[in-house]
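Trainee: I would like to go through the packing of this model with you. Where should we start?

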Amino acid sequence: MADQRRPRGLLDTSVIIDLERLDPADLPIESAISAITMAELAAGPHATQDPNERARRQDRLQRAEAAFDPLPFDSEASRAYGRVYAAVVAGGRKAPGARAVDLLLAATACSVGLPLYTRNPDDFLALNNLVEVVSV
């Protein structure tokens with residue numbers, strides 16, 4: 001049977017966090033991440049007081065830095081964020097607050113035409129006309 005994996009995709013932060021536990025067959029052949037995800041990973045070690053968890057998060061950050069050249073959040077992504085924001089509000093959901101980072105990731109995927117791979121598909125409801133969301 002032919003490989004049904006998509007050729008490329010943008011991994012959100014939840015996927016990077018669980019990457020070692022995921023089946024590679026559930027991911028795209030070529031994976032990308034956003035500078036937004038890299039920023040979240042950089043904040044991770046500072047968001048815990050537990051030294052063991054801090055070390056795990058620092059290791060995850062360093063592995064991501066070594067493995068990926070993050071896609072920038074550029075002017076195309078900025079324009080896409082306006083469409084993403086409008087879709088969320090039109091879909092009857094509250095204006096993004098705490099979810100704003102998720103929507104920045106969706107805007108990045110939208111701007112480069114990549115499907116967005118996530119462990120939290122409900123965070124991206126109402127975006128199906130703008131970006132393909134793949135639950136893993």
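Trainee: Which elements are included in what covers the buried residues of α5?

Mentor: This is a predicted model. In α5, the buried residues are D102, L103, L105, A106, A107, T108, A109 and C110. Their cover includes two strands and three helices by label: β1 (8-11), β3 (116-118), α1 (13-17), α2 (35-43) and α4.

Trainee: What gives the most residues to the largest nonpolar core?

Mentor: That core has 17 residues, and L10, V84, A106, L116, L127 and V131 have the most contacts inside it. Two or more residues come from each of α4 (75-90) and α5 (100-112). With 5 residues, the top contributor is α5.

Trainee: With which residues is V84 in contact, leaving aside its neighbours within four places in sequence?

Mentor: V84 is among the residues with the most contacts inside the largest core. Once those neighbours are set aside, its contacts are L103, A106, A107, L127 and L130.

Trainee: How far apart are the end C-alpha atoms of α5?

Mentor: The helix has 13 residues, and the expected span is 1.5 Å times one less than that number, so it should come to 18 Å. The model agrees with this, its end C-alpha atoms being apart by 19 Å.

Trainee: Is the pair of Y81 and Y85 stacked, edge-to-face or tilted?

Mentor: Both residues lie in α4, 4 residues apart. Their ring centres are separated by 6.2 Å, with 50° between the planes. Stacked needs under 30 degrees and edge-to-face over 60, so the pair is tilted.

Methods:
Residues numbered from 1 in each chain as written. Predicted model: local features only at pLDDT ≥ 70, side-chain atom pairs only at ≥ 80, totals over all residues. Heavy atoms only, no water. Core = buried A, V, L, I, M, F, W, Y, C linked by side-chain atoms within 4.5 Å. Buried < 20%, exposed > 50% of the residue type's maximum accessible area, 1.4 Å probe, protein only. Contact = heavy atoms within 4.5 Å. Phe/Tyr/Trp six-rings, centres within 6.5 Å; stacked < 30°, edge-to-face > 60°.
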